[in-house]
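Me: Here's a chain I'd like to go through with you. Could you take a close look at one spot and then work outwards from there?

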Amino acid sequence: MPKAFKLTLARLYEILRRQDPPQWGKQYDPAIRATREEAPSRSRPAQVWSERLDRYCHTLSLVEQKVLLLALFNPLLFELQEQRMLATESKPHPLAGHSLATGLELPGLRGTIDVCERLDMIDRLPWIFIDHPDGTERVPVPAPFIGDFLLFLTDDHGPYCVNWTVKASDEEFQRRPLGRRPARRAEVQEAAVRARHAIEERYYLDAGIPTVRIVDSDIPELFAQNLRSLILVQHRAAGVDASIYEEVCDRLRASLQTEQPPLEILLSVMHRHDLDLETAKALFFRALWRRDVRPELMEEVIFVDRPLRPERQDPLQVYASWFARQQA
């Protein structure tokens, strides 16, 4: 969901510098970086390297890390913008300016001010107060919410976007988490939280972008741990000759039936091609991360020294609705 936090004018200027407009690929700079200086005090900041995006992605909680791994696992993803500003004023569609969207007619974002006015929720918009140039008074300036993940995907119909909003539990979509100062009345607190989610969903729906709500329990911890293991080192095999990689993939695919432990295959490849063990392991994890080899990831822990089990559930089919474009 959008994150509202106290802003100084200098901080607002910095967010606008990074996000108005946001850049593509390795140039993208999140509104909130996962650093000690910027991450909220109660957060669990982390940075995850993405070879495809050629940059580190920034997350602010453990559940955001899990969700990010799933997003990056999907080969249909060609861009991702985390900690993205929800602009207060009208802006072009998030795909505007990308080469894949050339020639497309895309509806624009109308901005959170417009959304709040239509929903009769203008009092829910965050504001900061700055000194008027003549020094006579302090004037309010609307401030942006910050969203979680905006995914850019492509299918047979072309590119599209999906907005993911992430919380630890379903309850947090209704009220603030425990540990924060409670509101005077529970119904006031709940109304405020629901309003902020309604603003976010309407903001993106104006541009034809669906919003998906995700909570921690939606992604099994075992599956998330497998994804974490795969992504950590697989990029170290990026420079290995393609023929060696294909050999590893072929032999690993065969091992799904023969139950030969992957480590035996990797040791053989090491000696044949004069590779070190860490590079050989990176080839193994790369084959699984890129889905060139399809073992069971949702219910079986992946170990290099244990036989792989054939895939029973395709994770991208299990979570297909999360990646779906808006239905006509």
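Which residue follows α6, and is its phi positive or negative?

Reply: That's Glu259: it comes right after α6, and its phi is positive, near 65 degrees. Before going on, bear in mind that this is a predicted model, where local features need pLDDT of at least 70, side-chain atom pairs count only at pLDDT 80 or more, and totals for chains, interfaces and linings use all residues. Residues are numbered from 1 along each chain as its sequence is written, and side-chain values use heavy atoms, with hydrogens and water left out.

Back to the helix itself. Helices here are DSSP runs of H or I with at least four residues, strands are runs of E with at least two, and both are numbered from the N terminus. α6 covers residues 242-258, and its 17 residues should span 24 Å at 1.5 Å a residue, which agrees with the 24 Å between its end C-alpha atoms. (The expected span is 1.5 Å times one less than the number of residues.)

Which residues of α6 are buried? They are Ile244, Tyr245, Glu247, Val248, Cys249, Leu252, Ser255 and Leu256. Buried here means under 20% relative accessible area, exposed means over 50%, and partly exposed is in between, using a 1.4 Å probe and protein chains only. The cover over those α6 residues includes α7 (262-273) and α8 (277-289), with contact meaning heavy atoms within 4.5 Å.

So much for α6; now α8. Its 13 residues reach 18 Å from first C-alpha to last, close to the 18 Å expected at 1.5 Å a residue. α8 is mostly covered, with 10 of its 13 residues buried; among them are Phe284, Phe285, Arg286 and Trp289. The buried residues of α8 pack against α6 and α7, and also against α2 (62-73) and α5 (221-234).

α5 gives us a single residue to look at. Asn226 sits in that helix and counts as buried because its relative accessibility is 2%. Leaving aside residues up to four places away in sequence, Asn226 touches Leu297, Glu300, Val301 and Ile302.

Past α8, there's a salt bridge to find. The term covers a side-chain nitrogen of Lys or Arg within 4 Å of a carboxyl oxygen of Asp or Glu. Side chains of opposite charge can pair when their charged atoms come close. Arg291 and Asp314 do this at 3.1 Å, N to O. Both lie in the loop between α8 and α9 (315-318), so the pair ties together parts that are 23 residues apart in sequence. Arg291 and Asp314 are both buried.

The structure holds 31 salt bridges, and several of them gather around α1. Arg11, Glu14, Arg17, Arg18, Asp29, Arg33 and Glu38 are linked in a network. Within it, Arg17 meets Glu14 at 2.7 Å, N to O; the two are three residues apart in helix α1, which means about one helical turn separates them. Arg17 is exposed at 54% relative accessible area, while Glu14 is partly exposed at 23%. Glu38 bridges to Arg18, with their closest N and O atoms 2.5 Å apart. Glu38 belongs to the loop between α1 and β1 (46-50) and Arg18 to helix α1, so this bridge ties parts 20 residues apart in sequence. Arg18 is buried at 4%, whereas Glu38 is partly exposed at 21%.

α1 (residues 9-19) also holds Tyr13, which is exposed because its relative accessibility is 55%. Tyr13 joins Leu9 and Leu16 in a nonpolar surface patch with about 270 Å² of accessible area together. Patch members have over 30% relative accessible area and no salt bridge; like charges are joined within 9 Å, and nonpolar side chains (Val, Leu, Ile, Met, Phe, Trp, Tyr) within 5 Å. The areas come from the Shrake-Rupley method with a 1.4 Å probe, and for residues only the protein chains shown count as cover.

Finally, the rings. Rings of Phe, Tyr and Trp (its six-membered ring) pair if their centres lie within 6.5 Å; planes under 30 degrees apart are stacked, over 60 edge-to-face, and the rest tilted. That rule gives 10 aromatic pairs. Phe78 and Phe152 make an edge-to-face one, 6.3 Å centre to centre with 65 degrees between the planes. Phe78 is in strand β3 (residues 77-82) and Phe152 in strand β8 (residues 149-155), 74 residues apart, so the pair links distant parts of the chain. Phe78 and Phe152 are both buried. Elsewhere, ring pairs link Trp164, Phe223, Tyr319, Trp322 and Phe323 into a cluster.
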